[in-house]
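This report introduces one protein chain to a reader who has not met it before. It turns to aromatic rings and to the residues that surround them.

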Amino acid sequence: ATWVTRRGVKVDRIASAWLIRTRIDPEARFRFVSPDGYEPAAGELRFDMFEGEYTHEGDRCTFEVLLQRFAIDDPALQAIGEVVHDVDCKDGKFGRPEADGVAAAVQGIALTHASDEARIEAGAALFAGLYARFRGDPA
């Protein structure tokens with residue numbers, strides 16, 4: 001499928017794209033648009049966008065919504081969702097100690113990668129590493 005989100009991806013959209021590619025749709029294609037006046041094409045799935053199929057619901061960020069809607073029950077992904085929530089929503093709901101480091105890493109990715117595609121690729125390495133850490137994989 002073609003997954004569409006707003007240009008200028010940061011933590012929730014980068015993490016969600018990683019989740020989509022690794023657990024939901026390995027063949028996903030991403031499209032980045034200006035939300036102003038955007039009209040979805042047939043077959044496009046919108047994430048982290050106003051009126052998107054997958055976006056914030058209640059106090060949950062998009063990553064958390066994707067986990068819930070696709071019934072992904074993985075404690076390591078749940079932990080990542082809590083980190084993403086704390087960074088994206090800035091409410092400290094989960095008090096994850098990793099949040100400041102992930103926020104700084106994502107800011108660095110955004111500063112050093114102009115294109116959204118490059119940000120998603122760089123962010124994939126960050127979230128893959130975080131996933132391995134939460135799973136307790138040996139170094």
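A residue counts as buried when its relative accessible area is under 20%. The structure discussed here is a predicted model. By the cut-off just given, F47 is buried because its relative accessible area is 0%.

**Aromatic pairs**

A pair of aromatic rings is described by the distance of the centres and the angle of the planes. In this model, six aromatic pairs are counted. Among them is the pair of W3 and F47, whose arrangement is edge-to-face. This pair joins distant parts of the chain: W3 belongs to strand β1 (residues 2-6), whereas F47 lies in the loop between β3 (44-46) and α2 (62-69), 44 residues apart. W3 is buried as well, with a relative accessible area of 2%.

W3 also pairs with Y54, and here the rings are tilted. Once more the link spans distant parts of the chain, from W3 in strand β1 to Y54 in the loop between β3 and α2, 51 residues apart. Y54 has a relative accessibility of 13% and therefore counts as buried, the limit being 20%. The geometry of these two pairs is set out below.

| Pair | Centre to centre | Angle between planes | Arrangement |
|---|---|---|---|
| W3 and F47 | 6.3 Å | 70° | edge-to-face |
| W3 and Y54 | 5.6 Å | 35° | tilted |

W3, F47 and Y54 belong to one aromatic cluster together with F30 and F70.

**The nonpolar core**

The largest nonpolar core comprises 34 residues. Those with the most contacts inside this core are F30, F63, L77, I80 and F127. At least two core residues come from each of α1 (11-24), β2 (29-33), α2, α3 (75-89), α4 (99-112) and α5 (116-135). F30 thus appears both in the aromatic cluster and among the core residues with the most contacts.

I80 may be followed further. Apart from neighbours within four places in sequence, I80 is in contact with W18, F63, F127, L130, Y131 and F134. Y131 has a further partner: the charged end of R23 sits over the ring of Y131, 4.8 Å from the ring centre.

**A serine in helix α1**

S16 is found in helix α1. Is S16 buried or exposed? S16 is buried, because its relative accessible area is 0%. With neighbours within four places in sequence left aside, S16 is in contact with F47, T62, F63 and L66. Of these partners, F47 is the residue that pairs with W3, and F63 is one of the core residues with the most contacts.

Methods. Residues are numbered from 1 along each chain as its sequence is written. This is a predicted model: local features need pLDDT of at least 70, side-chain atom pairs count only at pLDDT 80 or more; totals for chains, interfaces and linings use all residues. Side-chain values use heavy atoms; hydrogens and water are left out. Rings of Phe, Tyr and Trp (its six-membered ring) pair if their centres lie within 6.5 Å; planes under 30 degrees apart count as stacked, over 60 as edge-to-face and the rest as tilted. Helices (H or I, at least four residues) and strands (E, at least two) are DSSP runs, numbered from the N terminus. Buried means under 20% relative accessible area, exposed over 50%, partly exposed in between (1.4 Å probe, protein chains only). A charge sits over a ring if NZ of Lys or CZ of Arg is within 6 Å of the ring centre and within 35 degrees of the ring normal. A nonpolar core is a set of buried Ala, Val, Leu, Ile, Met, Phe, Trp, Tyr and Cys residues joined through side-chain atoms within 4.5 Å. Contact means heavy atoms within 4.5 Å.
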